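Please open the model in your viewer and keep the sequence panel beside it. We will go from one selection to the next, pausing at each stop to look at what is there.

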Amino acid sequence: MRVARVQTRTGVAAVSIDDGDNCRVVATSGSDDPLLELIQHPSGLLAATRTRLTDAIVSLADVRLLSPLHRPGKIIAVGLNYVDHAAETGLTPPAKPLTFAKYPSSLTGPCDDIVIPMGQAAQVDYEAELAVVIGRHVGPDGSASLADVAAYTVANDVSARDVQFGDQQWTRGKSFDTFTPLGPWLVTADSLPNPHGVNIWTDVNGERRQDDTTASMIFDIPAILAHLSSGTSLEPGDVIVTGTPSGAGAFQQPPRFLTHGDIVEVGVEGIGVLRNTVRHSTRPRQHQTRQSLTSARTHEGHA
């Protein structure tokens, strides 16, 4: 099942997407985070969605796809988790998952702009990533597993390399507003039974820059989840971003950073594609998910 958070002409809604363009509206409380509400339901995302389907139908052409989650409790990312990416950085592959945080306020939609805060960051990069959404509470005992995953989605771990390396820590340079495009929807775990064998890629202005499969992860998802839940509780709706393959712009010769007008497409087979345009900004702008309604179309993609 694919479920999305969308902006309609009357507000934010949760919808279930069929094999075409039509979506069935899911009954929720009317909050800004309807998919988080469904994930947090005692019956879980899949069952809660099925029992709350209404007869109301909308078309993807008439709604704007938003980030599936508005404010999850945590976004935890994994660095250097693909063999070739670790090699291109010149760093030794980690002995255990290397993690860092991204602020939830960095989330933006699958078709919204990536805004580079000029004067704050100049060397901005893309990173295609498979994202995991936690489906139930897991205590800090290291027991988290694939059984605790509610859904999968696509993330672009946009990174200001000059800030990341200048700060000598990663969180700020990866957490500017709009630096985590997410979506285009959630694919429930039953619909992606083998998350370790799907293609993952990035195109910039139509040029393939990253191209690999999730089989190239150094640490698979069960290993990541066990590591993260050792000492830290995981909560429904928490997002785990599992690492990027080789081909990031910072490590090409010469480096190829994103600039105004670039179109960045990030995809994961069996889930879908993010398509974001890069924009320079010299002043803060209201978060993309609060802009006026525009029509957006995103399709499921395959490499």
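Two strands are said to pair if DSSP finds at least two bridges between them. With that in mind, and remembering that this is a predicted model, select residues 128–134, which form strand 11, and then add residues 149–156, which form strand 12. These two strands run antiparallel and are joined by seven bridges, and within this pairing Glu 129 has Ala 155 as its bridge partner.

Next, add strand 17, residues 239–241, which pairs with strand 11 in the antiparallel sense over three bridges; here Val 241 of strand 17 stands opposite Ala 131.

Now show the side chains of strand 11. In a regular strand, the side chains alternate between the two faces of the sheet. Ala 128, Leu 130, Val 132 and Ile 134 point one way, while Glu 129, Ala 131 and Val 133 point the other way, and all of them are buried.

From Ile 134, move to Leu 225, which touches Ile 134 and also, among others, Ala 144, Val 149, Leu 234 and Ile 240. Leu 225 is one of the residues that touch the most other members of the largest nonpolar core, a set of 53 residues. A second, separate core has 23 residues, including Val 26, Ile 39, Phe 100 and Val 241.

For the last stop, select helix 1, residues 34–40, and find Glu 37 within it. The side chains of Glu 37 and Ser 29 are joined by a polar contact of 2.6 Å, and Glu 37 is also in contact with Thr 28, Ser 31 and Arg 52.

Key:
Residues numbered from 1 in each chain as written. Predicted model: local features only at pLDDT ≥ 70, side-chain atom pairs only at ≥ 80, totals over all residues. Heavy atoms only, no water. Buried < 20%, exposed > 50% of the residue type's maximum accessible area, 1.4 Å probe, protein only. Helix = DSSP H or I, 4+ residues; strand = E, 2+ residues; numbered from the N terminus. Core = buried A, V, L, I, M, F, W, Y, C linked by side-chain atoms within 4.5 Å. Contact = heavy atoms within 4.5 Å. Polar contact = N/O pair within 3.5 Å; in protein donor to acceptor, adjacent residues only side chain to side chain. Lists of a residue's contacts leave out its neighbours within four places in sequence.
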